[in-house]
Amino acid sequence: MNFRVLASPRNCMFRSLRPPSVRNRLIQMAHLSTAGISLAELPKSNVFTSKLPPDPAFDTPESSHKAPRETLGPRMVKGALFTYVRPEQTDEPELLGVSSKAMNDLGLKSGEEQTSQFKALVAGNEIWWNEEQGGIYPWAQCYGGWQFGSWAGQLGDGRAISLFECTNPQTNTRNELQLKGAGRTPYSRFADGKAVLRSSIREYVVSEALSALGIPTTRALSLTLVPNAKVLRERLEPGAIVARFAESWLRIGTFDLLRVRGDRELIRKLATYVAEDVFNGWESLPAVVSLRDQQSSTQTDNPQRGIPGDQVQEHEDVQENRFARLYREIARRNAKTVAAWQAYGFMNGVLNTDNTSIYGLSLDYGPFAFMDNFDPQYTPNHDDHMLRYAYRNQPSIIWWNLVRLGESLGELIGAGNRVDHESFINDGVTEEFEPELIKRAEKIIERVGEEFKAVFLNEYKRLMGQRLGLKTQAESDFQNLFSEMLDTLEALELDFNHFFRRLSGLTLSNLESEVGRREAASVFFHAEGFGGIGYTEATARDRIAKWLDSWRLRVLEDWGPANDGERQKAMKSVNPNFVPRGWILDEVIERVERKGDRDILDRTMQMSLNPFNDEWGLDKQEEERFCGDVPKYKRAMMCSCSS
Ligand code: AMP
Ligand code: MG
């Protein structure tokens, strides 16, 4: 195999971007250019592989590179967090799409995606390393996971291979770029290391759509078709590679595996890595929140000061060491992300611990979906018979996953101020210390649970208030507006995301009279009307009209009567006109895969990246269809996990 090196090793050997000299230089560069740089110029690093232990079977890039590719297949890997492994070469790859937002966020200049370097890199045919000059050797991560509530053992990147980390010099954000569908690794278990076009299109579009909605997520840079990789699922399908990136690909499952194996030294090392090299250092993590701080805090989400609704209290008897603060940070991030899913009707579909991010990102796009008709029981996962990953269960499942993390970190957070004692580090927990340690860990997990709930609720209320056009929060909003709205949507089987967008466009003065409100009610109806049992058109209109009246009065309180245009604009800027629902993705897949249509993918990406537009100037008829009523028999679709 002949790998070409794309840049001199000096360019790619930023070991760490933390030293002040490098950081300063990057900040200076930010003022010089806003146009982006080339792939070769992009500062690259491998902090992950330089700080964490490699698979002992291939402990250097050279040893992995010399090994025949087939020897890098499935096996158990212990005492390590990754294996050096190169992508499998691909034959006649075709770049199908690139996200302009991703290019920009990575700091790449537009047009770079047309270069042969770029195309080869994202197709798995180039790496940033060669034997003479070195560089950065690709790797696959080792992790485990709890799947559907049962321990699944070692999992790991079975088909994802990370190429390098890169830092946008303008924002100083560092991302790990990886290829999904790049071939077998030691973590492939019984599978082929490949991804099919169908699921790759889904991931490519939805990760960028979530990002454009402001929801923390892993990202997609590009989609490459690998036409000759015939991948066997239920049938033979074309293969594909998504080049994707994230600030961190670490999962709760990464810690799970170490805990199950009793690797306390590596848990400590990994936790330290997360605090120091993934987050912005220990000092950036939340500190103890005291009651006094909370009382004096304003509408801020600074955990150092506490936020309204954060019911965290300082218990004098619990020492919160730095690992406890790390746990809090991870819990807080995930609380906010799951709140955003609930507020935007997004379901991940497989919230196993291996799909739950340490950084708080939406992670792993399998049988995900956006809600069509509001139904809290809905799960998009065809195999989820127990509804474990249904919409309504997402917050509690994320907490369930975080409790697993609490258990993995239990020894560290329970040790209190003894955590750095040499005897504790070297010899572990003594019998005499154990009860105290367990008691403290349990208390901290319980408290973080309270914090998770508070942060979740606070964020959920903030986003829902924003979606309903409110500027302030009132005690009664939850019951009178949020709950009653959701109950109405559920009872009448109306569309969740359309509801907010159509509400945004209503004119308040038209809702002053009962007649006006009953008239307006039908904007929320489907083409065929509404569903539900026991409603007539008159009673359906009555129920919506009643809610519209409460909403109108609350909006007037916040905006006054003279600013309705502004209110509409504000609401449209947070309520998407377009979300990539299952039926749209199915149509895109069908047209790309079976009909050779390439433009549909780009149009869908443009709509996903600008979801709040009224129109996009692409294909008017298609835009209207994609933003319009979901065809009756294509609502609430389900997907299987096979991808
Ligand atoms: P997922 O259901 O995508 O979260 O995957 C669960 C585990 O199965 C992860 O370790 C994946 O890397 C692995 N996996 C899924 N599909 C494949 C595949 N086609 N080849 C190799 N590993 C896979
Ligand atoms: Mg996964």
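The following exchange examines how several descriptions of this predicted model are justified.

User: What places ligand 1 between two domains?

Analyst: Domain 1 (12–249) and domain 2 (254–465) both contribute residues to the shell around ligand 1, so the ligand lies between them.

User: Which residues come nearest to ligand 1, and how is the shell around it divided by residue class?

Analyst: The surroundings of ligand 1 comprise 17 residues, of which Gly156, Gly158, Arg189, Gly193 and Asp364 come nearest. The shell divides into three nonpolar, six polar and eight charged residues.

User: What makes the pairs that Gly193, Lys194 and Asn355 form with ligand 1 polar contacts?

Analyst: The criterion is a pair of N or O atoms within 3.5 Å. A polar backbone atom of Gly193 is 2.7 Å from a nitrogen atom of ligand 1. For Lys194, a backbone N or O atom lies 3.1 Å from a nitrogen atom of the ligand. In the case of Asn355, an N or O atom of the side chain is 3.2 Å from an oxygen atom of ligand 1. Each of these distances falls within 3.5 Å, so each pair counts as a polar contact. As for cover, the protein takes up 83% of the 480 Å² of accessible area that ligand 1 has on its own.

User: Why are Asn355 and Asp364 called donors of the magnesium ion (ligand 2)?

Analyst: A donor to this metal is an N, O or S atom within 2.8 Å. Asn355 (OD1) and Asp364 (OD) lie 1.8 to 2.2 Å from the magnesium ion, so both meet that limit.

User: Are these two donor residues, Asn355 and Asp364, classed as buried or exposed, or in between?

Analyst: Buried means under 20% relative accessible area, and partly exposed covers the range from there up to 50%. Asn355 has 7% relative accessibility and therefore counts as buried. Asp364, with a relative accessible area of 22%, is partly exposed.

User: What makes the phi angles of Glu92 and Arg189 worth listing?

Analyst: Glu92 has a phi near 50°, which is a positive value in a residue other than glycine. Arg189 likewise has a positive phi, of about 50°, although it is not a glycine. Glu92 is found in the loop between strand E2 (82–84) and strand E3 (94–98), whereas Arg189 is placed in the loop between strand E10 (174–180) and strand E11 (195–196).

User: Why does Glu92 receive one accessibility class and Arg189 another?

Analyst: The relative accessible area of Glu92 is 58%, over the 50% limit, so Glu92 is exposed. Arg189 is at 37%, between the two limits, and therefore counts as partly exposed.

User: How do you know that Glu237 is buried, and what does its side chain contact?

Analyst: Glu237, in strand E13 (residues 236–246), has a relative accessibility of 2%, which is under 20%, so it counts as buried. Its side chain makes a polar contact with the side chain of Arg198 at 2.7 Å.

User: Which classes apply to Thr185 and Ala191, and which C-alpha separations are listed for them?

Analyst: Thr185 belongs to the loop between E10 and E11, as does Ala191. At 0% relative accessibility, Thr185 counts as buried, while Ala191, with 34%, is partly exposed. The C-alpha atoms of Thr185 and Asp157 are separated by 7.2 Å, the two residues being 28 residues apart along the chain. Ala191 and Arg159 are 32 residues apart in sequence, with 8.7 Å between their C-alpha atoms.

Key
Residues are numbered from 1 along each chain as its sequence is written. Chains are lettered from A and ligands numbered from 1 in the order in which they are written. This is a predicted model: local features need pLDDT of at least 70, side-chain atom pairs count only at pLDDT 80 or more; totals for chains, interfaces and linings use all residues. Side-chain values use heavy atoms; hydrogens and water are left out. A residue is near a molecule or strand if one of its heavy atoms lies within 4 Å of it. A polar contact is a pair of N or O atoms within 3.5 Å; within protein, one must be able to donate a hydrogen and the other to accept it, and residues adjacent in sequence count only if both atoms are side-chain atoms. Accessible areas come from the Shrake-Rupley method with a 1.4 Å probe; for residues, only the protein chains shown count as cover. Ala, Val, Leu, Ile, Met, Phe, Trp, Tyr, Cys and Pro count as nonpolar, Asp, Glu, Lys and Arg as charged, and the others, Gly among them, as polar. Domain bounds come from an automatic or database domain assignment. Donors are N, O and S atoms within 2.8 Å of the metal (3.2 Å for Na, K and Ca); water is not among the atoms, so sites may look incomplete. Buried means under 20% relative accessible area, exposed over 50%, partly exposed in between (1.4 Å probe, protein chains only). Helices (H or I, at least four residues) and strands (E, at least two) are DSSP runs, numbered from the N terminus.
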